[in-house]
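This report describes the helical packing and selected residue environments of a single protein chain. The structure itself is shown below, followed by a commentary on its parts.

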Amino acid sequence: ERWHTSLHSGLSHFIDAANTNWDHLVSFFLMAYRSTPNTTTGFSPYYLLHGREMVLPNSNDLKAKIPKENSDHDSRLENLKYIF
């Protein structure tokens, strides 16, 4: 019953008014629950199962990877302007 109480209280903050999106939120709740350290053991359930902490994405991982500008492009564009 404690598990259901945790699940219910965790999902109740994010479920829409029609209660139709709960199935999309369960996986996010489970990830958060599994990566949170337990107050009794001091370890997360993920750590106890795998022996390492869960690697969570951060905002830097979600940004688009844009290559640094290459100076060759600028010179090449200048050459093309003069040719045409």
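## Helix H2 and its surroundings

Helix H2 contains 14 residues which, at 1.5 Å a residue, should span 20 Å, and because its end C-alpha atoms are 20 Å apart, the expected span and the computed distance agree. The coordinates belong to a predicted model, and the values discussed here are all computed from it.

In overall composition, the protein has five helices and zero strands, so that reading along the sequence gives the pattern α-α-α-α-α. Buried residues account for 10% of the 84 residues in the protein. The protein exposes about 7,900 Å², of which carbon and sulfur atoms supply 58%. Where contacts link residues at least 6 apart in sequence, 11% of them join residues at least 24 apart.

### The packing of H1 against H2

Helix H1, which covers residues 2-12, and H2 have axes that come within 10 Å of each other and cross at roughly 115°, and the crossing is right-handed. From H1, the residues Trp3, Ser6, Leu7, Gly10 and Leu11 meet Leu25, Val26, Phe29, Leu30 and Tyr33 of H2. By class, this contact of H1 with H2 comprises eight nonpolar residues, two polar residues and no charged ones.

An α-helix has 3.6 residues a turn, so residues three or four places apart point the same way. Which residues of H2 are buried? They are Leu25, Phe29 and Leu30, and H1 is included in what covers them. Leu25, Phe29 and Leu30 are also among the H2 residues that meet H1.

### Three individual residues

Three residues, each with its own setting, illustrate the range of exposure, and the table lists their relative accessibility.

| Residue | Relative accessible area | Class |
|---|---|---|
| Methionine 31 | 36% | partly exposed |
| Serine 44 | 1% | buried |
| Asparagine 19 | 52% | exposed |

Methionine 31 is found in helix H2, which runs over residues 22-35. Its class follows from its value: methionine 31 counts as partly exposed because its relative accessibility is 36%, while the partly exposed class lies between the limits of 20% and 50%. Not counting residues up to four places away in sequence, methionine 31 touches Met54 and Leu56. Methionine 31 and leucine 56 are 25 residues apart in sequence, yet their C-alpha atoms are 9.2 Å apart in space.

Serine 44 has its place in the loop between H2 and helix H3, the latter covering residues 45-50. Is serine 44 buried or exposed? Serine 44 is buried, because its relative accessible area is 1% and the buried class holds for values under 20%. Leaving aside neighbours within four places in sequence, serine 44 is in contact with Arg34, Ser35, Thr36, Pro37, Asn38 and Glu53. For one of these partners, arginine 34, the separation from serine 44 is 10 residues in sequence and 6.1 Å in space, C-alpha to C-alpha.

Asparagine 19 is placed in the loop between H1 and H2. Asparagine 19 counts as exposed because its relative accessible area is 52%, and the exposed class begins over 50%. The phi angle of asparagine 19 is near 55°, which is a positive value in a residue other than glycine.

Note on methods: Residues numbered from 1 in each chain as written. Predicted model: local features only at pLDDT ≥ 70, side-chain atom pairs only at ≥ 80, totals over all residues. Heavy atoms only, no water. Helix = DSSP H or I, 4+ residues; strand = E, 2+ residues; numbered from the N terminus. Buried < 20%, exposed > 50% of the residue type's maximum accessible area, 1.4 Å probe, protein only. Contact = heavy atoms within 4.5 Å. Areas by Shrake-Rupley, 256 points an atom, 1.4 Å probe, with all protein chains shown as cover. Axes fitted to C-alpha atoms, helices over the stretch in contact; angles between N-to-C directions. Left-handed = near helix turned anticlockwise from the far one by under 90°. Nonpolar A, V, L, I, M, F, W, Y, C, P; charged D, E, K, R; others polar. Expected span 1.5 Å × (residues − 1).
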